[in-house]
Every structure is written in C-alpha cells, then in structure tokens.
Amino acid sequence: MQSKKCFLSYEHPFSMEFEINDPPTDGITSLSFSPFPTANSSHPPHLLATSWDSSAYIYDCALNLTVGKFPVGAAVLDGCFSKRERGISYVVGLNRQIHR
C-alpha cells in the first residue's frame, strides 16, 4: 500500500516546497497558514487543513508533524487562524457550526 503524501508550495514570505506525510484521508477543502511564525522564523508557520473526512488538521511545517487532528462531525468546508490570538483557529462544516 502506498503512503499518502501531500506536497505544498508556500511563496510568501518564504519560498519553499514541503511535503506532509500524514495528509487528510479525503479531499482537502481549505488550507490556511498561521499568521504567526514558528519559533525559528526561517521556517513557515503552522498549517491548518480542512477536509471532507470530517476533521481539521494542524501541521508544524518545519518539523513535518501533525500537531493535532480535530473531528468536527461533518465535512469541514473552511478554516482560518485567529489574527489576534496565537494558536487559535476556527473551522466550519456542513453541520452549520463554527468550531474553535
């Protein structure tokens, strides 16, 4: 069985491409990078991915690790990071609920 991999290219303010080893199990519906840099500012920030598999995922792009997987109970359509609070994200799904 082949492992699933997801390749992403991030242009601004970084210019790099990286691979996520543990991507969502269904189609990705949105991607959002954290507005806050990681501790090592030469690396891209965290990435929020939402999916039809009813979960939201947060990845540490520098370490290529899944920081968290959050089941929502319905397909997740969109997500974003808070621009005011570090580490806070919001997602919305087909269940018509906003999850923090």
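**View 1. Isoleucine 58 of β5 and glycine 68 of β6 stand opposite each other in this predicted model.** The two residues belong to neighbouring strands, β5 and β6 (residues 65-71), which are joined in the antiparallel sense by six bridges. The hairpin that these strands form has four residues between them, and one residue to look for here is asparagine 64, whose phi is positive, near 55 degrees.

**View 2. On its other pairing, β5 runs antiparallel to strand β4 (residues 46-51), with five bridges between the two.** A pair of facing residues can be picked out in this view, since alanine 49 stands opposite tyrosine 57 of β5. The hairpin of β4 and β5 has three residues between its strands, and serine 54 in this hairpin adopts a positive phi near 75 degrees.

**View 3. Strand β5 (residues 55-60) is largely enclosed by the rest of the structure, because six of its six residues are buried.** In a regular strand, side chains alternate between the two faces of the sheet. Which residues of β5 point one way, and which the other way? Ser55, Tyr57 and Tyr59 point to one side of the strand, while Ala56, Ile58 and Asp60 point to the other, and the residues of both groups are buried.

**View 4. Arginine 100 and glutamate 85 form a salt bridge, in which the closest N and O atoms lie 3.5 Å apart.** The contact links distant parts of the chain, 15 residues apart, for arginine 100 lies in the segment after β9 (98-99), whereas glutamate 85 lies in the loop between β7 (76-81) and β8 (89-93). Side chains of opposite charge can pair when their charged atoms come close. The two partners can also be described by their accessibility: arginine 100 is exposed, with a relative accessible area of 61%, and glutamate 85 is partly exposed, with a relative accessible area of 37%. A search of the whole structure finds one salt bridge.

**View 5. Cysteine 61 and cysteine 80 are shown in a structure that holds zero disulfides.** A disulfide is a covalent bond between the sulfur atoms of two cysteines. Is cysteine 61 buried or exposed? Cysteine 61 has a relative accessible area of 10%, and it therefore counts as buried, while cysteine 80, at 38% relative accessibility, is classed as partly exposed.

Methods: Residues are numbered from 1 along each chain as its sequence is written. This is a predicted model: local features need pLDDT of at least 70, side-chain atom pairs count only at pLDDT 80 or more; totals for chains, interfaces and linings use all residues. Side-chain values use heavy atoms; hydrogens and water are left out. A salt bridge is a side-chain nitrogen of Lys or Arg within 4 Å of a carboxyl oxygen of Asp or Glu. Buried means under 20% relative accessible area, exposed over 50%, partly exposed in between (1.4 Å probe, protein chains only). A disulfide is a pair of cysteine sulfur atoms within 2.5 Å. Two strands pair if DSSP finds at least two bridges between them.
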